[in-house]
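Okay, can everyone see the screen? Let me pull this one up and walk you through a few bits of helix packing.

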Amino acid sequence: MEFLTHELLIALGVAVAAGLMRGFAGVGSGMLMAPVFAILFGPVQTVAIIILMEVVVTAQLLPGVRREINWRIVAPMGFAAALLMPVGSWLLVSLDPALLVRGIAIVVVVFSLILMVGWRYEGEKRLWASLGVGGISGVLIASTSLGNPPVMVYLLSGRDTAATNRANFTGFFAVTLVALIAMMALAGLIDRDAIVTAAMLLPVFMLGAWIGSRLFRKSSEALYRRVALGLLLCVGLYGLLR
C-alpha cells in the first residue's frame with residue numbers, strides 16, 4: 001500500500017518506543033521522536049505532529065494518575081510556562097537557538113549527575129520556585145524544544161515517590177500541551193499533513209504508552225529513578241552534541 005512508505009514505517013517504530021517511555025516514565029517521548037521526525041517530516045511538521053500525539057496520550061494517561069498529581073506545584077508551573085511561551089517564540093527569532101540549547105544542556109548534565117550520586121533537596125517546593133521553573137520551561141519549550149529538563153530536575157530532586165513524579169509530569173503536560181496547541185493553531189502551524197501523519201502514528205504510540213504504564217506498575221522506585229535520570233542525562237548530552 002502506498003501510504004506504508006519507508007519513512008512512515010521508521011516513524012511507526014520510533015512512535016512505539018516513545019510511547020513505552022511516555023507510559024513508563026511519564027516523560028521523554030518527544031525527545032525520542034523529535035530527532036528522527038525532524039529528518040523524516042521537517043522541523044515545523046515535527047513539532048505539530050508530536051504535540052498532537054502527546055495531547056491525546058496525556059488524556060489517555062491522566063485518569064490513571066490524577067489522584068497522585070500535586071496540583072499545588074504543577075498548576076503554578078503550567079500557568080507560568082503557558083504565560084511565557086510567547087517570550088520563547090520571540091527569543092527563537094531574536095537569539096541563536098543553538099546557544100540557548102547548549103547553555104541549558106550544560107546545566108542539565110551537571111544536575112543530572114548530581115542527582116545520580118544521590119543528592120536530594122529536602123526543603124519545601126515554594127510557589128516562587130514553581131513559578132520560576134515553569135516560566136523557564138515555557139521559554140525553552142517555545143525557543144529550543146528542550147522545555148522538560150528544568151521540570152525534571154526540579155521534581156526529581158525532591159523526596160516524592162516515583163508514582164507522584166510520573167503523575168506530576170503528566171499533569172504538567174496536560175496544561176502546557178493545550179497552550180502549545182492553541183499557540184500553534186493561531187499561528188497556522190498545524191496543517192492537514194501534520195494531522196494526517198499524527199493520526200496514522202497515534203495508534204501505535206497509544207499502544208506503547210499503555211504497555212509502558214503496565215511496566216511501571218511492576219517496577220521499583222530505584223528502577224524508575226534510574227530510567228528518569230538516565231533520560232535526563234541523555235537529553236542534556238543530546239543538547240550539547242546536536
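So, H2 passes H3 in a right-handed crossing. Keep in mind that this is a predicted model. H2 covers residues 29–41 and H3 covers residues 43–65, and their axes come within 8 Å, crossing at roughly 140°. What do we call that, then: oblique or roughly antiparallel? Roughly antiparallel needs an angle over 145 degrees, so at roughly 140° H2 and H3 count as oblique to each other.

Who's actually touching whom? On the H2 side you've got Ser29, Gly30, Met33, Ala34, Phe37, Ala38 and Phe41, and they meet Pro43, Gln45, Thr46, Ile49, Ile50, Met53 and Glu54 on the H3 side. If you sort the residues of that contact by type, you get nine nonpolar, four polar and one charged.

Let me zoom in on one of them, glycine 30, which sits in helix H2. Buried or partly exposed? The cut-off for buried is under 20% relative accessible area, and glycine 30 comes out at 21%, so it counts as partly exposed. Skip the neighbours within four places in sequence, and glycine 30 is in contact with Ile50 and Glu54. Both of those are on the H3 list I just read out. For a bit of scale, go 39 residues along the chain from glycine 30 to isoleucine 69, and the two C-alpha atoms are separated by 21 Å.

Right, over to H6, residues 127–143. Quick sanity check on the geometry: at 1.5 Å a residue, its 17 residues should span 24 Å, and the end C-alpha atoms are 24 Å apart, so that agrees. How enclosed is H6? Well, 12 of its 17 residues are buried, so H6 is largely enclosed by the rest of the structure. Among the buried ones are Ala129, Ser130, Val133, Ser137 and Leu140, and those five turn up again in a second.

That's where H7 comes in, residues 148–156. H6 and H7 pack at an angle of about 155°, with their axes 7 Å apart. That makes H6 roughly antiparallel to H7. The contact has Ala129, Ser130, Val133, Ile136, Ser137 and Leu140 from H6 meeting Pro150, Val151 and Tyr154 from H7. By type, the residues there are seven nonpolar, two polar and no charged.

So, two helix pairs to take away: H2 with H3, oblique, and H6 with H7, roughly antiparallel. That's me done, thanks.

How values were computed:
Residues are numbered from 1 along each chain as its sequence is written. This is a predicted model: local features need pLDDT of at least 70, side-chain atom pairs count only at pLDDT 80 or more; totals for chains, interfaces and linings use all residues. Side-chain values use heavy atoms; hydrogens and water are left out. Helices (H or I, at least four residues) and strands (E, at least two) are DSSP runs, numbered from the N terminus. The expected span of a helix is 1.5 Å times one less than its number of residues. Buried means under 20% relative accessible area, exposed over 50%, partly exposed in between (1.4 Å probe, protein chains only). Axes are lines fitted to C-alpha atoms, for helices over the stretch in contact, and angles run from 0 to 180 degrees between N-to-C directions. Angles under 35 degrees count as roughly parallel, over 145 as roughly antiparallel, 65 to 115 as roughly perpendicular and the rest as oblique. A crossing is left-handed if the near helix is turned anticlockwise from the far one by less than a right angle, and right-handed if clockwise. Contact means heavy atoms within 4.5 Å. Ala, Val, Leu, Ile, Met, Phe, Trp, Tyr, Cys and Pro count as nonpolar, Asp, Glu, Lys and Arg as charged, and the others, Gly among them, as polar.
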